[in-house]
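Hi,

Here is the structure I promised to pass on. Have a look at it first, and then read on for what turned up.

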Amino acid sequence: MTQPVPMTELWRGPLLESLHTGHAVICDDSGQIVQSWGDPNAVIYPRSSAKVIQGLPLITSGAAAKYGLTTEHLALACASHNGAHIHTDRVSAWLDHLGLSEHDLRCGPQEPQDMAARDGLILADDTPCQIHNNCSGKHCGFLTVAQHMGAGPEYLEIDHPVQQACLSAIEETTGETSPAYGIDGCSAPNFATSLVGLARSMAWFASAADRSDRASDAAAQLTAAMMKHPELVAGENRACTELMRAMKGRAAIKTGAEAVYVAIVPEKRMGVALKITDGTTRASECAIAAILVSLGVLEANHPATRKFMNATQYSRRGLECGVIKPASGFPG
């Protein structure tokens, strides 16, 4: 099958109001497909779901050790954060530690998603800066690698050693040659891959503890950091944070723009990648939750799960008016 399949439904009263289709793949530690929906060979931009892969050079280059980075730094390198103070304070401290400033970032300013931080800027008659960008942790990672390498400041250029290291990490862990790249929202190159390649990469991360090479050690460190600090990977009321908390270290998950999601499941030695074709995040959150429940690492009735899967929708007055749920037969 190469066509996308129904994954998430929105019901309002007795009618199916919206239907979201997509592709998804689960791979095992040998890189083989365990289960798939739609077209496993669909080529996508992984967007921010690739941050854990882009974080590999931070450790394998020796930069993390040189600068004494902690698990918090590693989690932020993999993050699409809310721009809350727990995020921006740490990013600012990281830049200070490198002897750099906000002006050295190349991610661009972004209004914080965290309401308290946003209100604070308004009350102070201030404007968002690059530290508020949800990708500022990843960019601090890029800057750390660039400084360690003695490379130039324009770390987003496609031929810069940092981006070439990221490309190598993508291709080595997916087992594929990336066919193209696009520019992500944070201005960094984003290397395309197939869904099965992305799931294969996540399975490689999931089985990293079984190997003893430098790259696998880096993968294990990044996965552990994400699971240890879910609040840094996204933020309050975000699916990545809330579902990782609910799973209590059983899996690391990461969203990407345009409804991409990945999961690293160490106890199963499995990796998951999915893409909702219409780019709707609510649908990808429901779909990844459904797959994680099917794998036995997330409780279907956990309060966090019920925020994103089989989630009751309410009117502005608090009246029950609908539900977001997995499509019939998915992920069965």
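Does N237 count as buried or exposed? Keep in mind that this is a predicted model. N237 has 58% relative accessibility, and the cut-off for exposed is over 50%, so N237 counts as exposed. You'll find N237 in the loop between α11 (230–233) and α12 (239–247). Its backbone is worth a look too: phi of N237 is near 70°, a positive value, and N237 isn't a glycine.

Why point that out? Because most residues other than glycine have a negative phi.

E258 is another case, with a positive phi of about 60° although it is not a glycine either. This residue sits in the loop between β8 (252–256) and β9 (260–265). At 44% relative accessibility, E258 falls between the 20% and 50% cut-offs, so it counts as partly exposed.

Now for a peptide bond. Most peptide bonds are trans. The one joining F330 and P331 is cis, with omega at about 5°. To find P331, go to the segment after β12 (320–326).

On to the cysteines. How many disulfides does the count come to? Zero. Take C186: the nearest cysteine sulfur belongs to C135 and is 3.9 Å away, and C186 is in no disulfide. The rule asks for two cysteine sulfur atoms within 2.5 Å. C186 is also buried, because its relative accessibility is 2%. For C321, the closest cysteine sulfur is that of C286, and at 16 Å this is too far for a bond.

Finally, the protein as a whole. Its secondary structure comes to 14 helices and 12 strands. What would a compact globule with 332 residues have as its radius of gyration? The answer is near 20 Å, and the protein has 19 Å, so the two agree. Along the principal axes, the C-alpha atoms fill a box of roughly 60 × 50 × 35 Å. Of the 332 residues, 55% count as buried.

If you look at contacts with a separation of 6 or more, 62% of them are between residues 24 or more positions apart. The surface exposed by the protein is about 13,600 Å², and carbon and sulfur atoms supply 50% of that. As for charges, there are 26 positive and 34 negative ones, and their mean positions are 6 Å apart.

Cheers

Definitions and conventions:
Residues are numbered from 1 along each chain as its sequence is written. This is a predicted model: local features need pLDDT of at least 70, side-chain atom pairs count only at pLDDT 80 or more; totals for chains, interfaces and linings use all residues. Side-chain values use heavy atoms; hydrogens and water are left out. Helices (H or I, at least four residues) and strands (E, at least two) are DSSP runs, numbered from the N terminus. The radius of gyration is taken over C-alpha atoms; the globule rule is 2.2 Å times the number of residues to the power 0.38. Buried means under 20% relative accessible area, exposed over 50%, partly exposed in between (1.4 Å probe, protein chains only). Contact means heavy atoms within 4.5 Å. Accessible areas come from the Shrake-Rupley method with a 1.4 Å probe; for residues, only the protein chains shown count as cover. Lys and Arg count as positive and Asp and Glu as negative; His and the chain ends are not counted. The place of a charge is taken as NZ of Lys, CZ of Arg, CG of Asp or CD of Glu.
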